[in-house]
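Dear colleague,

Please find below the structure for your review. My findings on a few of its local features follow directly after it.

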Amino acid sequence: MNGGGRELPSCYLVCSSIDRPSLSALCQSLRMKIAVLGATGQTGQYLVNQALQQGHTVTAIVRNPARLTVHHDNLKVVEADIFSADSLKPHFKGQDVIMSCLGFPASFFSAVTGYTLSMKGVISAMQEARVSRIITMTSWYTEPDSGTKSSYLIRFLLLPMIRSVLTNMYEMEQILQKTGDINWTVVRPPGLKNLPASAQEFLTQEGYFVPDNSGNPAGSAVARGDVARFMLSLLNSNAWVKKGVAITTK
């Protein structure tokens, strides 16, 4: 549900009224071929593991295959240059969706460019491989003026420290918004905790943060496992196609 409502798992409403044989067939059809970028990162590893647990076939596209220690019959680990469409294209062919957990460090001395440069290569490779769906993650407060209602510490200490990252994330979001043939979703979590998925309900808002009843930001951090859980819940939902959705847990 939009506007700060509660999210149910994407297939819950459908599956709750289906008999077991039909449900089994439906679950088979809901299994997808997923290419994951940033699979060796902290959030990416949760995403890969959860996707495999849900029965999806995963291609983990990484810079260093040795860093991904997961082994599974439905997991293929490949090495590619995330900035090169030619390098990515062979691994995108036949995929149903691209999911990106790529992250790049903040810099005080130079502009961060990894988000935009990688997304340009990803979009080009998707177009050539005829894959139209991408789900990627950025952060709350990517829009420069969206942090005005945040707490003093966040607004005047944290946000200036990571502004180089947020600026490039925002520039990447603008690239996606201008790409008409890609069905994108940008998932914007607040701060990240290196914890597994919980069973907590999601609160969502189209925009750059999730407001509480007074319009101020609600929550400050979410488990990386929950970010992965939310991203995977979008595989069979059109609720946030061509939108940016801020999330937190209740």
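F156 counts as partly exposed, because its relative accessibility is 48%. Its ring partner Y152, at 63% relative accessibility, counts as exposed. Please bear in mind throughout that this is a predicted model. Y152 and F156 both belong to helix α6 (residues 152-177), where they stand four residues apart and are therefore separated by about one helical turn. Their rings form a tilted aromatic pair, with 4.9 Å from centre to centre and 45° between the planes. The angle falls in the tilted class because stacked pairs have planes under 30 degrees apart and edge-to-face pairs over 60.

In total, eight aromatic pairs were found. Another of them joins F202 and F230 in an edge-to-face arrangement, at 5.1 Å centre to centre and 70° between the planes. F202 lies in strand β9 (residues 202-206) and F230 in helix α7 (residues 224-233), so this pair ties together parts that are 28 residues apart in sequence. F202 and F230 are both buried. In addition, F83, F104 and Y115 are linked by ring pairs into a cluster.

Y115 also takes part in the packing of two helices, α5 and α6. The axes of α5 and α6 cross at roughly 25° and come within 7 Å of each other. The two helices are therefore roughly parallel, since angles under 35 degrees count as such. The crossing of α5 past α6 is right-handed. On the α5 side, the contact is made by G114, Y115, T116, M119, K120 and I123; α6 contributes V165, N168, M169, E171, M172, I175 and L176. By type, the residues of this contact divide into eight nonpolar, three polar and two charged.

Two backbone positions may also interest you. Most residues other than glycine have a negative phi. R130, however, has a positive phi near 60° and is not a glycine. R130 is found in the loop between α5 (114-129) and β6 (133-137), and it counts as exposed because its relative accessibility is 79%. K242, likewise not a glycine, has a positive phi of about 60°. This residue lies in the loop between α7 and β11 (243-249). With a relative accessibility of 37%, K242 counts as partly exposed.

Yours sincerely

Technical notes: Residues are numbered from 1 along each chain as its sequence is written. This is a predicted model: local features need pLDDT of at least 70, side-chain atom pairs count only at pLDDT 80 or more; totals for chains, interfaces and linings use all residues. Side-chain values use heavy atoms; hydrogens and water are left out. Rings of Phe, Tyr and Trp (its six-membered ring) pair if their centres lie within 6.5 Å; planes under 30 degrees apart count as stacked, over 60 as edge-to-face and the rest as tilted. Buried means under 20% relative accessible area, exposed over 50%, partly exposed in between (1.4 Å probe, protein chains only). Axes are lines fitted to C-alpha atoms, for helices over the stretch in contact, and angles run from 0 to 180 degrees between N-to-C directions. Angles under 35 degrees count as roughly parallel, over 145 as roughly antiparallel, 65 to 115 as roughly perpendicular and the rest as oblique. A crossing is left-handed if the near helix is turned anticlockwise from the far one by less than a right angle, and right-handed if clockwise. Contact means heavy atoms within 4.5 Å. Ala, Val, Leu, Ile, Met, Phe, Trp, Tyr, Cys and Pro count as nonpolar, Asp, Glu, Lys and Arg as charged, and the others, Gly among them, as polar.
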